[in-house]
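I open this notebook to record what I looked up in one structure. The entries follow the order in which I worked.

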Amino acid sequence: MAAIELTASEQAGKQIFLEGRSASGSSIAARVGGADTAIPATVVPCANCHGADGRGRREGGVRPPDITWRRLALSYGQRLENGRERPAYDAASFARAITTGVDAGGNRLDPAMPRFTMSARDVEDLTAYLKRLEDDGDPGLQADSVRVGTLQPATGPLAELGKSVTAILRGTFDAVNAGGGVHGRRVELVVADPGVDAAGAEAALRRLVEQEKVFAVVAPLVPALDGRLGELADAARMPMVGPLAHLTGSGGRYVFDPLPGLGEQLGALGEYAATALKLTNPPAAIVHPDEARSGAIASALAERLARRGWSQVRAYAYVPGAFDAAGVGTAVAGQGAKAVFFIGRDADFGALAAQAPLQKSPPWMFAAANQVGASALELAPPQAERVFIAYPTLPQDWSPQGAGALRAVRERSGAGDRHPAFQVGAYAAALVMVEGFKRAGRDASRDKFVAALENMHGFQTGVTPAIGFGPGQRIGAPGAHIVGVDAQKRVFRPTGRYVRLDTVQE
C-alpha cells in the first residue's frame with residue numbers, strides 16, 4: 001500500500017491520530033479510567049492502541065477495536081466481541097464517542113478507552129483522516145518497491161568505512177532484487193551523509209524521514225547519535241535495523257540490534273570472569289574515557305557486577321590519548337585490582353597494560369574486540385595470558401552457505417574484505433530487514449514490520465549467531481564469544497565459550 005496525498009485537514013487529523021497533537025497548537029487532553037484523570041493526549045494517542053493502521057492489536061487482555069472508517073460506518077452496524085450490537089457511526093456519533101465515551105448505540109465504551117477533550121475543528125480533522133486511513137500507507141512503500149535509507153559518512157575519518165558498508169548494503173539488496181525482490185517489490189537504498197557531529201546526523205536522519213520518505217533505516221553508522229537513536233526512531237515511528245558502532249542497545253520500540261553493543265559485550269565478559277575464571281568478589285576496576293556515554297556504560301557494568309556479588313568495583317576515568325596524566329594506572333594498582341574491564345581505544349589499552357605495577361602483578365583484563373586488538377597481542381606472556389576479548393561473531397558462526405553468500409556480495413559490490421566486523425554487521429542487518437519484509441507480507445506497514453521482527457526467533461544469517469527478538473527483546477544475539485591470547489604465536493585464541501546474557505540468572 002502506497003502513501004497518498006492528504007488534504008490539510010486530513011494531515012492535521014493524522015497528526016492527532018499518531019501523536020495526540022493538534023496542528024493548530026490547541027491542547028488535547030485525555031481523561032482515563034473511572035477516576036477521570038486528565039493527561040495530555042500525547043501520552044495516549046489513538047495509534048498507541050489501535051495501531052497506525054487503525055485495526056487494533058491485542059495488548060494483555062484488551063483488544064482495541066478496528067476503527068477504520070469502513071468498519072465504523074458499516075450500514076448494518078456491528079456485533080462486538082462482548083456480544084453487544086451497535087448501529088453504524090456517522091460524524092456526529094463518532095464525535096460523541098471519542099469525547100463522552102458513548103458509542104453509536106448509546107452504550108458506554110470500554111473504560112480503557114480515553115475520552116478526549118478537543119476542539120470541534122480537531123474532531124473534524126480526526127474524522128476526515130479516519131475516512132482516508134485505509135488508503136494511507138506508510139511512506140516508502142510503493143506497488144513495486146520499498147525504499148529504505150541508511151546514514152553513512154562520506155567525509156572525515158569514517159568515510160572509507162562508510163563506503164565499505166554502503167557497498168555491502170547495495171550488494172545485498174541487489175542480490176535480493178535479482179531474485180525477484182520481496183513480494184514483488186524491489187528494495188531501493190537511499191544513502192545520506194550524517195556529517196561529523198550530532199546536529200548534522202540528526203538533520204540527515206530528518207531528510208531521510210521527511211524528504212526521502214523512506215520506509216525504514218538499515219545499518220546507520222552514526223556514532224554521534226549513539227544513545228539517542230531509539231528516541232529519534234520512536235519519535236518518527238521509523239523502524240531501524242542494525243545500528244553500527246553503537247556502544248550499547250539503542251532502546252526504543254522501533255530499533256532492532258541484531259548484534260550486541262559494547263555494554264552487552266562487557267556484560268558477557270563479566271559473566272565469563274565470574275563463571276569460567278571463578279572470580280568471586282575480587283577488587284575490580286572499570287577504566288573508561290572521561291566522557292558521559294562511556295561513563296554510563298561503566299556504571300551499568302558496575303551494577304551488573306554488583307548483582308553478581310562483586311562489592312569492590314571502582315571506576316576510573318582517563319583522558320583519551322593522555323592515559324598517564326590522570327594516574328589511572330597507579331590508582332588501579334593501588335586498589336590491588338584483580339580484574340580490570342577496559343573501555344576505549346587500542347592505544348590506551350596498551351598504555352594501561354604498560355604501567356609498571358600492572359606488569360609486575362598482572363590482573364585479569366577484559367575488553368571488546370572492536371576497541372582492543374594489536375596492543376593485546378604485543379603483551380609479554382604473563383600479561384597476555386590473562387587478557388580476554390569479547391567478539392559478537394567469529395568464523396565458527398559462518399555456515400558454508402553464509403560464507404559463500406557474503407563472498408558473492410563482496411565480489412559483486414567491490415567492497416573487498418576490509419572492515420570485516422562492520423561488513424558482517426551491515427550484511428546481517430540487511431538480511432534481518434529483508435526477512436522482516438517477507439514476514440510482514442504484501443500488505444505491509446511499519447507496525448506489521450515491527451511486529452514481524454518481534455516474532456522473529458532463531459533466524460539464521462549464516463554469518464552470526466541465531467537472531468531472535470521479542471516484545472521486550474531488541475538485541476538479536478545478546479551475548480559474545482570469549483577469546484583469549486596465545487602469547488607465543490601472537491594470535492587470538494577462542495576459548496570455545498559463547499556467553500548469552502538472556503540466559504544468565506541474576
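Which residues line the largest cavity? I note at the outset that I am working with a predicted model. The lining, as I find it, consists of Leu141, Val146, Val182, His183, Arg185, Phe437, Gly441 and Ala444.

**Entry: cavities**

I searched the whole structure and obtained 2 cavities of 30 Å³ or more. For the largest cavity I record a volume of about 60 Å³. I then sorted its lining by class and counted 5 nonpolar, 2 polar and 1 charged residues.

I turned next to the second largest cavity, for which I note a volume of about 40 Å³. Its lining is made up of Ile16, Gly20, Ile28, Ala41, Val44, Pro45, Cys46, Phe116 and Met118. By class I count 8 nonpolar residues and 1 polar residue there, and no charged ones.

**Entry: cysteines**

Cys46, one of the residues lining the second largest cavity, led me to look for disulfides. A disulfide is a covalent bond between the sulfur atoms of two cysteines. I find 0 disulfides in the structure. Cys46 takes part in none, and the nearest cysteine sulfur to its own, that of Cys49, lies 9.1 Å away. Cys49 is likewise in no disulfide, its nearest cysteine sulfur being that of Cys46. The cut-off for a disulfide is 2.5 Å between the sulfur atoms.

Is each of these cysteines buried or exposed? Cys46 has a relative accessibility of 14%, so I enter it as buried. Cys49 stands at 37%, and I therefore enter it as partly exposed.

**Entry: strand β6**

Val146, in the lining of the largest cavity, lies within the residue range 145-151 of strand β6. How many residues of β6 are buried? I count 6 of its 7 residues as buried, so the strand is largely enclosed by the rest of the structure.

I then looked up the partners of β6. With strand β7 (residues 186-192), β6 pairs in the parallel sense over 7 bridges. With strand β8 (residues 216-218), β6 also runs parallel, joined by 2 bridges.

Which residues are the bridge partners of Gly149? In β7 I find Val190, and in β8 I find Val217.

Lastly, I traced the connection between β6 and β7. Together with helix α6 (residues 159-178), these two strands make a β-α-β unit, which I record as right-handed.

Key
Residues numbered from 1 in each chain as written. Predicted model: local features only at pLDDT ≥ 70, side-chain atom pairs only at ≥ 80, totals over all residues. Heavy atoms only, no water. 1 Å grid on protein atoms, 1.4 Å probe; cavity = no way out; pocket = protein on both sides within 12 Å on 5 of 7 lines; lining within 4 Å. Points joined across faces, edges and corners; volume = space filled by probe spheres on them. Nonpolar A, V, L, I, M, F, W, Y, C, P; charged D, E, K, R; others polar. Buried < 20%, exposed > 50% of the residue type's maximum accessible area, 1.4 Å probe, protein only. Helix = DSSP H or I, 4+ residues; strand = E, 2+ residues; numbered from the N terminus. Pairing = 2+ DSSP bridges. Right-handed = clockwise from strand over helix to strand, strands pointing away.
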